Every structure is written in structure tokens, then in C-alpha cells.
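Work through these exercises with the structure open. Each task comes with a solution in steps.

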Amino acid sequence: MYLEINGLKKSYGKDTSYVEVLRGVSASVGRGQMCAIQGASGSGKSTLLNCIGGLETIDSGSVKVDGREISGLKPKELSEYRRDNLGFVFQFYNLVPNLTVQENIEVCAYISQAPADIDELIELLGLSGHRNKFPSQLSGGQQQRCAIARALVKNPRLLLCDEPTGALDSRTSRDILILLEKINEKYGTTMLIVTHNNAIKNMMHKVLVVKDGLIISDYENKIRVPAAELEEL
């Protein structure tokens, strides 16, 4: 398996403010799979994503990515792990406002040892006519496309998406999901997508359902629905 999680625990605070967010999570995701992580607000799904991404330290348990144990890595090693392996896409686009679309993408290309072709990405994501625009001149969907291109330019093996359609309308959400599906098919990128949208699970290879810090359902779709054919989002 490409991603292996075993007995993962994560808590915050102490004494009266102590909260155990993840209470012994175990799961696995195969290379090249698209996996949805679903659950209600506060269930622990974003914390799980952040632990996999090395953005949060874990209390105990194991997180292995491509056979490498990431729990316990030193800060410099974690930074290198994120740089060399991961792409992040969030609900809010986090673009640099005074940089153009192309410049926002180039920022991440500079830190990669083997960046993807920027022109190819811009064309793939439908941004050819917007490459010299600033974020304030783009729609929400175009900004999210730019954020995805910025994540992909590093040639990540693993793409972590936290509510990537949460700030978008139904039609634009579908466009973004179609785009992620194309990326998965073209590059074989493993994807973890945190979402509260129940329809999205049907296009995934695998679904994890989190409740109260535990995975209560873990299954693979025998028949996937193409993103373009999803029910109303």
C-alpha cells in the first residue's frame, strides 16, 4: 500500500481543555487511488489529513507514505518530505495576491527538484487565457484551478485536498472534480480529498468515513461514477 496508517492518535490541550481528536485510526490507500475522507464537522477528518501531510505531530501510532515512516521526523526532514512528496489544495485558495497566475505557480516550481511543465499545467487546467491575471481578477473556480496547478507543479506523488469545492457553487464544484479526475488518470497521482459532500464519494476509488475520531466505514467502490455524472452537488 502507498499510504499506511496504524493506531494514529492525536490530541490537543491538557487537563480540562484536553480533547482527543483522533482515537486510534487505521487505514490504507493504494498508489494512484482517489480516496474521500468524509465526516461531520469536528469529526477529525482535517486533523487526519494534516497528520498525513506532516503539518501536525502525532501522539502515537504510525503513518507510512511509500514505505517511509513520517512520524518522528525532525522539522527539516518533514519540510523535505512535504517538498518532495506532497501537494496541498485547501478550501480557501491562499494565492499570493500581488502575483499573477503564472507567478503563483512558479513559486512552487522553484522549490521542486523536478517541476512539471508549467505551460502544460496551465493548459490542462484551462488557465491559458488567465496566466497574466492577478487573483482578484479571477472567479472562485479559476482561483481554485490556479491553486491546484500550484500544488501539481511540484510533481507530487500525493495530493491532499481539504474541502477543495467547499467555497464553490455546484456547477464549478463539478468542474473542479472533473479536473481532479483527469489529473488522477493522466499522472496517476494518489489523492486524499476531505469533503462533507456526500455525492463526491461515488467518484472515488475508496471512501473513509470518520466519526468522533474513529473510522467507522472503510470501503472501495466496485463501480465508480464519473465526476461529470455525479448527482447534484
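**Exercise 1.** In this predicted model, find what covers the buried residues of helix H3 (101–110).

*Solution.* Start with the cover. It includes helix H4 (118–124) and helix H5 (140–152). Next, count. Seven of the ten residues of H3 are buried, which leaves the helix mostly covered. Now name them: Val101, Gln102, Asn104, Ile105, Glu106, Cys108 and Ala109. Last, recall the geometry. An α-helix has 3.6 residues a turn, so residues three or four places apart point the same way. Look for that spacing in the list, for example at Val101, Asn104 and Cys108.

**Exercise 2.** Place Asn94 and decide whether Asn94 is buried or exposed.

*Solution.* Asn94 is in the loop between strand E6 (86–90) and helix H3. Take its relative accessibility: 52%. Exposed means over 50%, so Asn94 counts as exposed. Then check the backbone. Phi of Asn94 is near 60 degrees, a positive value although the residue is not glycine.

**Exercise 3.** Find a positive phi in the loop between strand E9 (206–211) and strand E10 (214–220).

*Solution.* Go to Asp212, which lies in that loop. Its phi is near 50 degrees, and Asp212 is not glycine either.

**Exercise 4.** How many aromatic pairs are there, and of which kind?

*Solution.* The count is one aromatic pair. The ring centres of Phe88 and Phe90 are 6.0 Å apart, and their planes stand at 5 degrees. Planes under 30 degrees apart count as stacked, so this pair is stacked. Add the accessibility of Phe90: at 28%, Phe90 counts as partly exposed.

**Exercise 5.** Which ring does the charged end of Lys186 sit over?

*Solution.* The ring belongs to Tyr187. The charged end is 5.6 Å from the ring centre.

Technical notes
Residues numbered from 1 in each chain as written. Predicted model: local features only at pLDDT ≥ 70, side-chain atom pairs only at ≥ 80, totals over all residues. Heavy atoms only, no water. Helix = DSSP H or I, 4+ residues; strand = E, 2+ residues; numbered from the N terminus. Buried < 20%, exposed > 50% of the residue type's maximum accessible area, 1.4 Å probe, protein only. Contact = heavy atoms within 4.5 Å. Phe/Tyr/Trp six-rings, centres within 6.5 Å; stacked < 30°, edge-to-face > 60°. Lys NZ or Arg CZ within 6 Å of the ring centre and 35° of its normal.
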